[in-house]
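Ready to look at a structure and ask how each label is earned? Have a look first, and then we can talk it through.

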Amino acid sequence: MRIAFCCTDTRAEPWLQGLGQALPGAVVEVWRPGAPAADYAVVWSPPQQFLDEQPGLKALFNIGAGVDALLRLRLPKGARVVRLDDAGMSVQMAEYVCHAVIRHFREFDGYEADMRAGRWSFRKPRSRSDFPVGVMGLGVLGARVARALSVFEFPVHGWSRTPRTLDGVRTHHGRAGLPDFLSSCRVLVNLLPLTPDTRDILNRDTLGRLMPGGYLVNVARGAHLVEEDLLALLDSGHLAGATLDVFRTEPLPADHPFWRHPALTLTPHTSARTLRDESIAQIAGKIRALEDGQSIAGLVDPVRGY
Ligand code: NAP
Ligand code: GLV
């Protein structure tokens with residue numbers, strides 16, 4: 001069995017070693033143009049030439065949860081596309097989002113500023129019932145985040161494409177369910193995949209439907225957000241702030257207005273990182289299952305886009 005490794009911006013050596021150990025007998029190599037075609041591929045943002053040189057590929061394993069970049073390419077016919085299915089990401093995402101929501105709700109950013117100014121001052125306690133949180137996307141990551149937020153007793157709403165039920169979460173679905181979902185929330189967390197249906201979904205109209213003093217946490221993809229609409233809603237006072245981990249252009253350009261906006265908290269696309277050992281174990285397990293003719297979780301539907 002040949003496994004090609006073709007991941008941009010990723011140090012190959014530990015992956016080759018880990019995959020080789022988990023799949024004894026497999027030849028695991030970094031792809032070079034003209035190399036023999038592989039049975040399986042482990043990829044992140046591969047060049048089109050790599051895919052064009054893989055006529056007999058059985059499956060492409062994306063070493064991230066989001067497959068938007070991969071699905072923009074022409075894929076080899078018959079190859080399954082497999083995304084990372086948690087592999088240690090959902091707990092990181094739950095940490096990140098709960099931290100962002102609690103930091104905003106408890107005004108810890110204000111206390112940090114007070115501390116730096118040597119100021120001892122109390123803020124009035126706020127009521128959780130005034131801070132309903134909405135989670136867009138109730139998949140592997142969104143469901144975990146919604147559950148984690150409900151542990152902190154925030155009223156939690158969730159929105160998905162098809163109907164979902166989750167303990168402790170009021171769920172909504174489909175385009176028809178979107179206005180009700182948005183108007184029920186003050187804090188909005190985006191965990192949707194980027195697809196033609198969800199591109200630009202965070203815009204003046206949708207964000208404008210949040211309760212006054214709304215707050216956005218975008219941890220999915222930068223292209224979900226219309227950046228100038230966010231700035232306009234912050235400047236009008238309808239939104240109180242946002243925590244953003246993803247951007248239309250990454251790295252965020254040095255002259256981007258987000259860097260200097262006082263109501264924004266920015267991180268460099270780091271809310272849920274790919275964990276190498278967990279990912280190798282998951283991919284190797286799935287390759288073994290496919291070789292044994294078994295079904296696997298985490299298959300992407302290229303038509304649906306996630
Ligand atoms: P997932 O398991 O595929 O879940 C996707 C969820 O979105 C599902 O609940 C799905 O609805 C819903 N959805 C899709 N299209 C929709 C639409 N048009 N309208 C309403 N709901 C829709 O994905 P995941 O593993 O949770 O990951 C979500 C995204 O997080 C990834 O695609 C990636 O972009 C992002 N991500 C970011 C980072 C980071 O570090 N910032 C890390 C990992 C992932 P159904 O339940 O009805 O199918
Ligand atoms: C990261 O953004 C991922 O999709 O895994």
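What follows is a set of questions and answers about the labels used for this structure.

Q: How do you know how far to trust the values, and how are the parts named?
A: This is a predicted model, in which local features need pLDDT of at least 70 and side-chain atom pairs count only at pLDDT 80 or more, while totals for chains, interfaces and linings use all residues. Residues are numbered from 1 along each chain as its sequence is written, chains are lettered from A and ligands numbered from 1 in the order in which they are written, and side-chain values use heavy atoms, with hydrogens and water left out.

Q: Why is A223 called buried or exposed?
A: Buried means under 20% relative accessible area, exposed over 50%, and partly exposed in between, with a 1.4 Å probe and protein chains only. A223 has a relative accessible area of 13%, so A223 is buried.

Q: Where is A223 found, and what does A223 touch?
A: A223 sits in the loop between β10 (214-218) and α9 (227-236); such helices (H or I, at least four residues) and strands (E, at least two) are DSSP runs, numbered from the N terminus. Not counting residues up to four places away in sequence, A223 touches L194, R199, D200 and R248, where contact means heavy atoms within 4.5 Å. Take D200: it lies 23 residues from A223 along the chain, yet their C-alpha atoms are separated by 6.0 Å.

Q: Why is H261 called buried or exposed?
A: H261 has 16% relative accessibility, so H261 counts as buried. This residue lies in the loop between β11 (239-244) and β12 (264-266).

Q: What makes the pair of side chains of H261 and D235 a polar contact?
A: A polar contact is a pair of N or O atoms within 3.5 Å; within protein, one must be able to donate a hydrogen and the other to accept it, and residues adjacent in sequence count only if both atoms are side-chain atoms. The side chains of H261 and D235 make such a contact at 3.3 Å. Leaving aside neighbours within four places in sequence, H261 is in contact with L231, L234 and D235.

Q: Why is H269 called buried, partly exposed or exposed?
A: With 33% relative accessibility, H269 counts as partly exposed, because this value falls between the two cut-offs. H269 is found in the loop between β12 and α10 (276-291), and has a positive phi of about 50° although it is not a glycine.

Q: Why is D86 called buried, partly exposed or exposed?
A: D86 has 22% relative accessibility, so D86 counts as partly exposed. D86 also has a positive phi, of about 75°, although it is not a glycine, and is found in the loop between β5 (80-82) and α4.

Q: Which residues are around ligand 2, and what makes them count?
A: They are G64, A65, G66, M89, R221 and H269; a residue is near a molecule if one of its heavy atoms lies within 4 Å of it. One oxygen-atom distance of ligand 2 is 2.6 Å, to an N or O atom in the side chain of H269. Another is 2.8 Å, to an N or O atom in the side chain of R221.

Q: How many residues surround ligand 1, and which are the closest?
A: 30 residues surround ligand 1, and the closest are R83, L141, T162, R164 and Y306. An oxygen atom of ligand 1 is 2.4 Å from an N or O atom in the side chain of R83. A backbone N or O atom of V140 lies 2.9 Å from an oxygen atom of ligand 1. α6 gives the most to this shell, with three residues.

Q: What makes the two domains of the chain, and how do they relate to ligand 1?
A: The domain assignment gives domain 1 (2-87 + 274-291) and domain 2 (89-266); the bounds come from an automatic or database domain assignment. Their centres, taken over C-alpha atoms, are separated by 32 Å, and 13 residues of domain 1 are in contact with seven residues of domain 2. The shell around ligand 1 draws at least three residues from each domain.
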